[in-house]
Amino acid sequence: MCMGDLAALPLEALTLDRIRAWKGQLAARHAPGTVYQYLTWLSCVLQFGVDCDWLPTHPMAKITG
């Protein structure tokens, strides 16, 4: 799953399990710093969704480093 795969999903489809799987796939191909940058970017997008009431909760709240 690449970033484009996540971008095509509706916000409500970005579940904790899907994000964890994506993180694992990133970790297999990229350095930890790169994975962190991707997760930070995604977290900002999801926070915007929460702020706009498009998402009830932040899906990444339980994901750790």
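A residue counts as exposed when its relative accessible area is over 50%, and as buried when that value is under 20%. With that in hand, welcome to a short tour of this predicted model. Cys 44, at 53% relative accessibility, therefore counts as exposed. Cys 44 sits on the face of α3 turned away from the helix's buried side, and α3 is a good thread to follow through the rest of the structure.

**The helix α3**

- α3 is 20 residues in length, and from first C-alpha to last it reaches 28 Å, close to the 28 Å expected at 1.5 Å a residue.
- Its buried residues are Val 35, Leu 39, Leu 42, Leu 46, Gly 49 and Val 50.
- These buried residues lie on the same side of α3, because they cover an arc of only 95 degrees around the axis.
- An α-helix has 3.6 residues a turn, so residues three or four places apart point the same way.
- On the face turned away from the buried side, you will find the exposed residues Tyr 36, Gln 37, Cys 44 and Asp 51.
- Just after α3 comes Asp 53, with a positive phi of about 60 degrees.

**The nonpolar core**

- The largest nonpolar core is made of 13 residues, and Leu 14, Ile 19, Trp 22, Leu 42, Leu 46 and Met 60 have the most contacts inside it.
- Both α2 (16-29) and α3 (32-51) supply at least two residues each to this core.
- The biggest contribution comes from α3, which gives five residues.

**His 58 and its surroundings**

- His 58 belongs to the segment after α3.
- At 16% relative accessibility, His 58 falls under the 20% cut-off, so this residue counts as buried.
- The His 58 side chain comes to 3.1 Å from the backbone nitrogen of Met 60.
- Neighbours within four places in sequence aside, His 58 is in contact with Ser 43, Leu 46, Gln 47 and Val 50.
- Two of these partners, Leu 46 and Val 50, are listed among the buried residues of α3.

**The cysteines**

- How many disulfides does a search of the whole structure find? The search finds zero.
- Why is Cys 44 without a bond to Cys 52? The closest cysteine sulfur to that of Cys 44 is in Cys 52, and at 13 Å it is too far for a bond, since a disulfide needs sulfur atoms within 2.5 Å.
- Cys 52 is likewise in no disulfide.
- Cys 52 counts as partly exposed, because its relative accessibility is 29%, whereas Cys 44 counts as exposed at 53%.

Terms used: Residues are numbered from 1 along each chain as its sequence is written. This is a predicted model: local features need pLDDT of at least 70, side-chain atom pairs count only at pLDDT 80 or more; totals for chains, interfaces and linings use all residues. Side-chain values use heavy atoms; hydrogens and water are left out. A nonpolar core is a set of buried Ala, Val, Leu, Ile, Met, Phe, Trp, Tyr and Cys residues joined through side-chain atoms within 4.5 Å. Buried means under 20% relative accessible area, exposed over 50%, partly exposed in between (1.4 Å probe, protein chains only). Helices (H or I, at least four residues) and strands (E, at least two) are DSSP runs, numbered from the N terminus. A polar contact is a pair of N or O atoms within 3.5 Å; within protein, one must be able to donate a hydrogen and the other to accept it, and residues adjacent in sequence count only if both atoms are side-chain atoms. Contact means heavy atoms within 4.5 Å. The expected span of a helix is 1.5 Å times one less than its number of residues. The arc is that of the directions from the helix axis to the C-beta atoms.
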